[in-house]
Amino acid sequence: MVNRYETVFILTPVLSEDQVKETVKKFEDLLKSLGANITYQDHWGLRKLAYPIQKKSTGFYHLFEFELEGSQIARLEIEMKRDERIMRFLSIKMDKHSIKFAESRRKTDKTPAEA
C-alpha cells in the first residue's frame, strides 16, 4: 500500500555546500529507485540545534515529502543510519490532516513575489 511520508534529516555542519547537495541527491536517487514519488522537498539550510549532537550545535536540515510503498520505508531508514553524514532523521507517515496542514503551510510560507 502506498502511503505518504515526511522525512526530515540533519546533516553534519562540517560538510561543504557541494557535499550537502551530493548527500541530498543520493537520498533523492534512492527514493526514486525505491519507486517513490517525491511530492515536495525543501532545504532549510544551516540551523542551530536544540541540543548538541555529536558535540555539534548546528546542522543542515532537509525535508522530503513523498509517496512510497510502506514496505520500502525501512530501506530508506537503514541507508540513513549507515550514512555518517546524517546526524539525525525522522520519518512520519502522514494522515489526511497532516497532508492538508503541510499544503497550507507551503501556501502561507510563500512570499507575495512567489505566489
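This is a short talk on the fold, the strand pairing and a few single residues of one protein.

Hi everyone, thanks for coming. Please keep in mind throughout that what you see is a predicted model.

Let me start with the overall layout. The protein has three helices and four strands, and along the sequence they come in the order β-α-β-β-α-β-α. The radius of gyration is 15 Å, close to the 13 Å that the globule rule gives for 115 residues, so the protein is as compact as a globular protein of that length. If you prefer a box, the C-alpha atoms fill one of roughly 40 × 40 × 25 Å along the principal axes.

How much of the chain is buried? Of the 115 residues, 37% are buried. As for contacts, take those with a separation of 6 or more: 74% of them are between residues 24 or more positions apart.

A word on the surface and the charges. The accessible surface comes to about 7,400 Å², and carbon and sulfur atoms account for 52% of that area. There are 21 positive and 18 negative side chains, and the centres of these two sets lie 4 Å apart.

Now to the strands. Which strands pair with β3? Strand β1, residues 2-11, pairs with strand β3, residues 56-69, in the antiparallel sense over 10 bridges. Strand β2, residues 37-53, also runs antiparallel to β3, and 11 bridges join the two.

There is a nice residue to look at here, phenylalanine 66 in β3. Tyrosine 5 stands opposite phenylalanine 66, and isoleucine 38 stands opposite phenylalanine 66 as well. While you have the strands on screen, a general reminder: in a regular strand the side chains alternate between the two faces of the sheet.

Let's follow β2 into its turn. β2 and β3 form a hairpin with two residues between them. Glutamine 54 sits in the loop between these strands, and lysine 55 has its place in that loop too. What is the sign of phi at glutamine 54? The angle is positive, about 50 degrees, although glutamine 54 is not a glycine. Lysine 55 likewise is not a glycine and has a positive phi, of about 65 degrees.

And how accessible are they? Glutamine 54 counts as partly exposed, at 48% relative accessibility. The cut-off for exposed is over 50%, and lysine 55, at 85%, counts as exposed.

On to the helices, with one residue from each of two. Threonine 23 is in helix α1, residues 17-33. Is threonine 23 buried or exposed? Its relative accessibility is 0%, and buried means under 20%, so threonine 23 counts as buried. What does threonine 23 touch? Leaving aside residues up to four places away in sequence, the contacts are Leu11, Leu15, Asp83 and Arg85. Leu11 belongs to the residue range of β1, if you want to find it on the screen.

My last stop is alanine 74, found in helix α2, residues 73-82. Alanine 74 has a relative accessible area of 40% and is partly exposed. Its C-alpha atom is separated by 9.9 Å from that of serine 91, and the two residues are 17 apart along the chain.

To recap: β3 pairs antiparallel with β1 and with β2, the hairpin turn has a positive phi at glutamine 54, and threonine 23 in α1 is buried. Thanks for listening!

Key:
Residues are numbered from 1 along each chain as its sequence is written. This is a predicted model: local features need pLDDT of at least 70, side-chain atom pairs count only at pLDDT 80 or more; totals for chains, interfaces and linings use all residues. Side-chain values use heavy atoms; hydrogens and water are left out. The radius of gyration is taken over C-alpha atoms; the globule rule is 2.2 Å times the number of residues to the power 0.38. Buried means under 20% relative accessible area, exposed over 50%, partly exposed in between (1.4 Å probe, protein chains only). Contact means heavy atoms within 4.5 Å. Accessible areas come from the Shrake-Rupley method with a 1.4 Å probe; for residues, only the protein chains shown count as cover. Lys and Arg count as positive and Asp and Glu as negative; His and the chain ends are not counted. The place of a charge is taken as NZ of Lys, CZ of Arg, CG of Asp or CD of Glu. Two strands pair if DSSP finds at least two bridges between them.
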